[in-house]
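Student: I'm new to this one and a bit lost. Could you pick a single part and walk me through it slowly?

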There are 2 protein chains.
Amino acid sequence: MFSLSEENYLKAIFHLELSHKNGVTTNALSEEMETKASSVTDMIKKLSEKELVRYKKYQGVRLSEKGRKAAVNIIRKHRLWECFLVEKLNFNWDEVHDVAEQLEHVKSDKLTKELDRFLGFPKTDPHGDPIPDVEGKFYKTPRTLLTECDEGEVAVIVGVKDSSATFLRFLDKNGIGLGSRLKLLHIEDFDHSVEVEVGNNKLHLSKKIASNLFIRVSNENE
Amino acid sequence: MFSLSEENYLKAIFHLELSHKNGVTTNALSEEMETKASSVTDMIKKLSEKELVRYKKYQGVRLSEKGRKAAVNIIRKHRLWECFLVEKLNFNWDEVHDVAEQLEHVKSDKLTKELDRFLGFPKTDPHGDPIPDVEGKFYKTPRTLLTECDEGEVAVIVGVKDSSATFLRFLDKNGIGLGSRLKLLHIEDFDHSVEVEVGNNKLHLSKKIASNLFIRVSNENE
DNA sequence: ATTAATTTTTAGATTTGTCTAAAATAATAT
DNA sequence: ATATTATTTTAGACAAATCTAAAAATTAAT
């Protein structure tokens, strides 16, 4: 159906469209894909011929409905494999990305369907990102960033915005993971860093860290 | 490490070496790989430069130790994935091949190791073929073909020589699978076809079919 | 032991995805 | 409004893996 490279471009365009609402630029794509802009132009032309993207010269690209379907399917597979690796194969959440990047390209509808069933139809991956269903629908649960939280509130970690190994290992080291309950003790006016209580420890988190933690504000007693 | 194509050639050479004891010929490889002989020559040169095979012009190829290790590792992964598909994802034994062909190329030692553990360190795949260990060692259990069986003996099916979907579905249709107990009632002198009892049915199997069934001769009462 | 047939290799072309360098277009700054 | 800068595209080249057609080597047949 699609080549490895085409699939990777589709995925990248999908992710970039979230922040580049009026078309993904060639340079943005070339940065994301770690290739030269000229290579991107070449590939965009191919995707455009296949009607996976809409493209006008110098105007950037956007996915067509067909392209979106394809991209979402790859993301679905990626996230299901991540669940598999963590839940069944003892991978840590910072180790799954590269392997899932390979597994996501395996072509077999039955495989995806059965993997989903085998995992119990998970709704989110190990980083808290939603897993789209077969129709390509994302069930988004409401979530905000820790930076939106007020002093005194209790937040449950439901996801990470940055899922780089560096960040994830930092969280591990500090006993923070999905499901962790943080009480926001203090927001520092000077740099917007926050002081939180997690378990019985107090932790100081920079604004950058807080802005990469997705939370759900919780009732003290729930 | 190795390209997809290189891996497929290594695997093919390994399989062909079993029957072509004094070197795998270019034509044999081109048939196995479904490519032209000239393409094979090109690839052989590349593998030879990488010291994965020993090659002298017009003399065919054989795997080096390094090449054998690589080939066996791919076969190991292929067979582990086949187990996974059948035991965990409800695949039938005639459906696993193409998907395993894709999965076998995923690169991650941890993945292979953990998959092996997750499956309970299986020794054979769904077709009864042995799964090599991490060191590349095959633990071969003694087995013969149904054609070697004598009248009156009871045979347990422990593997299939031909694992094409056509053959496997034929076996399914006739209630034969790994572990089936067949009593050899009669060998027909004319064409060496055999009459067997499986369950409460009598079946007539051509010589070709009998010669593709690996068996272990069993004690009536075991 | 030649000749004929087969197998294998070489030479040159093609496709996919990439690259560099240069040209074209768009965006920004004075 | 024009000049400067940045972005994007084009043109041409390259590596990997394949192909076709022709040449070379080996094997088989008389």
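What covers the buried residues of H6(B)?

Tutor: Before we dive in, note that this is a predicted model: local features need pLDDT of at least 70, side-chain atom pairs count only at pLDDT 80 or more, and totals for chains, interfaces and linings use all residues. Residues are numbered from 1 along each chain as its sequence is written, while chains are lettered from A and ligands numbered from 1 in the order in which they are written.

The cover includes H5 of chain A together with helix H4 (65–87) of chain B. Helices here are DSSP runs of H or I with at least four residues, strands are runs of E with at least two, and both are numbered from the N terminus.

Now for the helix itself. H6(B) takes in residues 109–118, and its buried residues are Leu111(B), Leu115(B) and Asp116(B). Looking down the helix axis, you'd see these fall within an arc of 130°, so they line one face of H6(B). (The arc is that of the directions from the helix axis to the C-beta atoms.) As background, an α-helix has 3.6 residues a turn, so residues three or four places apart point the same way. Swing round to the other side of H6(B) and you find Asp109(B) and Arg117(B), both exposed. "Buried" means that 20 or more other C-beta atoms lie within 10 Å of a residue's own, "exposed" means 12 or fewer, and "partly exposed" is in between, with C-beta atoms placed from the backbone.

Let's stop at Asp116(B), which sits in H6 of chain B. Asp116(B) counts as buried because 20 other C-beta atoms lie within 10 Å. If you set aside neighbours within four places in sequence, Asp116(B) is in contact with Leu80(B) and Phe121(B); contact means that the C-beta atoms, placed from the backbone, lie within 7 Å. Asp133(B) is 17 residues from Asp116(B) in sequence, and their C-alpha atoms are 9.5 Å apart in space. After H6(B) comes Gly120(B), with a positive phi near 80°.

Phi is worth a short detour. Most residues other than glycine have a negative phi. Asn90(B) isn't a glycine, yet its phi is positive, about 60°. You'll find Asn90(B) in the loop between H4 and helix H5 (96–103) of chain B, and it is partly exposed, with 13 other C-beta atoms within 10 Å.

Back to the cover, since one part of it belongs to the other chain. The contact between the chains takes 13 residues from chain A and 13 residues from chain B. On chain A's side, the elements giving two or more residues are helix H5 (96–103) and helix H6 (109–118). H6(A) provides the largest share of that side, four residues. By class, the side of chain A that touches chain B has seven nonpolar, three polar and three charged residues. For these classes, Ala, Val, Leu, Ile, Met, Phe, Trp, Tyr, Cys and Pro count as nonpolar, Asp, Glu, Lys and Arg as charged, and the others, Gly among them, as polar.

How do the two chains relate? A rotation of 180° with 0.0 Å of shift along its axis puts chain A onto chain B, with an RMSD of 0.0 Å. The two copies are thus related as by a two-fold rotation axis. This superposition is by least squares on the C-alpha atoms of residues with pLDDT of at least 70 in both copies. Within chain A, Leu103(A) comes closest to the rotation axis, its C-alpha lying at 3.6 Å. Also, 100% of the interface residues of chain A are interface residues in chain B too, so the copies meet through the same surface.

Finally, a quick look at the wider setting. Chain A has eight helices and eight strands, and buried residues make up 31% of its 222 residues. DNA strand C is surrounded by 20 residues, and the closest are Ser3(A), Ser38(A), Thr25(B), Asn27(B) and Ser38(B). Being near the strand means that a residue's C-beta atom, placed from the backbone, lies within 6 Å of it. H3(A) gives the most to this surface, five residues, and the surface divides into four nonpolar, 11 polar and five charged residues.

Key: Two residues are in contact if their C-beta atoms, placed from the backbone, lie within 7 Å.
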